[in-house]
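Subject: Structure handover

Hello,

Here is the structure I promised to pass on. Please open it first, then read my notes below.

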Amino acid sequence: LMATIMTSFAFGQSKSKTDKDDIKEVINTFMTCLVKKDSIQFFNLFNADPVAWVGVFKDKTQQDRISKDNSKKNYFVSNYKSFYRSISDLGTDEEKFYNIKIDNDESIATVSFDYSFWEKGQKINWGKESWHLVKIKDSWKITSVIFSMDFEKVNPEPKKRKK
């Protein structure tokens, strides 16, 4: 009986430490790399190119943008290396994730969450973000990042209600 309990416990432990915990580690590493300016570890989170990276400006922010220049598109396409380079020189940057939802099987995953991006302790923008990941040789790699964006100065993020 004790062997059965120990086997079940060991199996349960290894099972619970697998995919969701590994995906949470990818999320935490992403956030930590921005703060610590660790480009090597940050780049290692992503699958070999191409990796989709698309940002879409939410309505109020887009209206503000086109009021200054009506040729501005409501989206942009980039990549994780350009994103990292754009923020790594700006000083103290941080991206905060909350309301994280992970849906996965043993090979693919979708992660979605609310985020806010901070520069020097000030919230710059916020929105929703979604990643696709694939498991390659026991490592989860990000294959796409899509996100919506509102500028905090144009449309402040609503206060979160505690549930």
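Let me start with a pocket. α2 (19–36) and β6 each supply at least two residues to the lining of the second largest pocket. The largest share comes from α2, with four residues. Please keep in mind that this is a predicted model.

Which residues line the second largest pocket? They are D22, E25, V26, T29, Q41, N44, L45, D138, S139, W140 and K141. Sorted by class, three are nonpolar, four are polar and four are charged. The volume of this second largest pocket is about 180 Å³.

**The whole chain**

Now step back. The protein chain has five helices and six strands. Along the sequence, they follow the pattern α-α-α-β-α-β-α-β-β-β-β. The chain has 163 residues, and 33% of them count as buried.

**The largest pocket**

How much space lies in the largest pocket? About 300 Å³. Its lining is made by 16 residues. Nearest its centre lie F76, F83, N125, F147 and M149. Four elements each give two or more residues to this lining: α5 (80–88), β4 (108–119), β5 (122–136) and β6 (139–151). By class, the lining of the largest pocket has 11 nonpolar, three polar and two charged residues.

A word on how such spaces are found. Rolling a probe the size of a water molecule over the atoms shows where empty space is left.

**The loop between β5 and β6**

Next, look at K137 and D138. K137 sits in the loop between β5 and β6. D138 has its place in the loop between β5 and β6 too. Check their backbone angles. K137 has a positive phi of about 50°, although it is not a glycine. D138 has a positive phi of about 65°, and it is not a glycine either.

Is K137 buried or exposed? K137 counts as exposed because its relative accessibility is 79%, and the cut-off for exposed is over 50%. D138 has a relative accessible area of 67%, so it is exposed as well. You have met D138 already: this residue is part of the lining of the second largest pocket.

**A buried residue in β5**

E129 is found in strand β5. Is E129 buried or exposed? Its relative accessible area is 4%. Buried means under 20%, so E129 is buried. Now find I146. E129 and I146 are 17 residues apart along the chain. Their C-alpha atoms are separated by 5.8 Å.

**A patch on the surface**

Last, turn to the surface. Which residues make the nonpolar surface patch? V56, Y75 and V77 make it, and the patch covers about 260 Å². V56 is found in strand β1 (residues 52–57). With a relative accessible area of 33%, V56 is partly exposed. That label fits because 33% falls between the cut-offs of 20% for buried and 50% for exposed.

**Where to look**

If time is short, make three stops. Go to F76, F83, N125, F147 and M149 for the residues nearest the centre of the largest pocket. Go to K137 for a positive phi in a residue that is not a glycine. Go to V56, Y75 and V77 for the nonpolar patch.

Best wishes

Technical notes:
Residues are numbered from 1 along each chain as its sequence is written. This is a predicted model: local features need pLDDT of at least 70, side-chain atom pairs count only at pLDDT 80 or more; totals for chains, interfaces and linings use all residues. Side-chain values use heavy atoms; hydrogens and water are left out. Patches are made of residues with over 30% relative accessible area and no salt bridge: like charges are joined within 9 Å, nonpolar side chains (Val, Leu, Ile, Met, Phe, Trp, Tyr) within 5 Å. Accessible areas come from the Shrake-Rupley method with a 1.4 Å probe; for residues, only the protein chains shown count as cover. A salt bridge is a side-chain nitrogen of Lys or Arg within 4 Å of a carboxyl oxygen of Asp or Glu. Buried means under 20% relative accessible area, exposed over 50%, partly exposed in between (1.4 Å probe, protein chains only). On a 1 Å grid over the protein atoms alone, a cavity is a set of points where a 1.4 Å probe fits but cannot get out, and a pocket is an open set with protein on both sides within 12 Å along at least five of seven lines; lining residues have an atom within 4 Å of a point. Grid points are joined across faces, edges and corners, and a volume is the space filled by probe spheres set on the points. Ala, Val, Leu, Ile, Met, Phe, Trp, Tyr, Cys and Pro count as nonpolar, Asp, Glu, Lys and Arg as charged, and the others, Gly among them, as polar.
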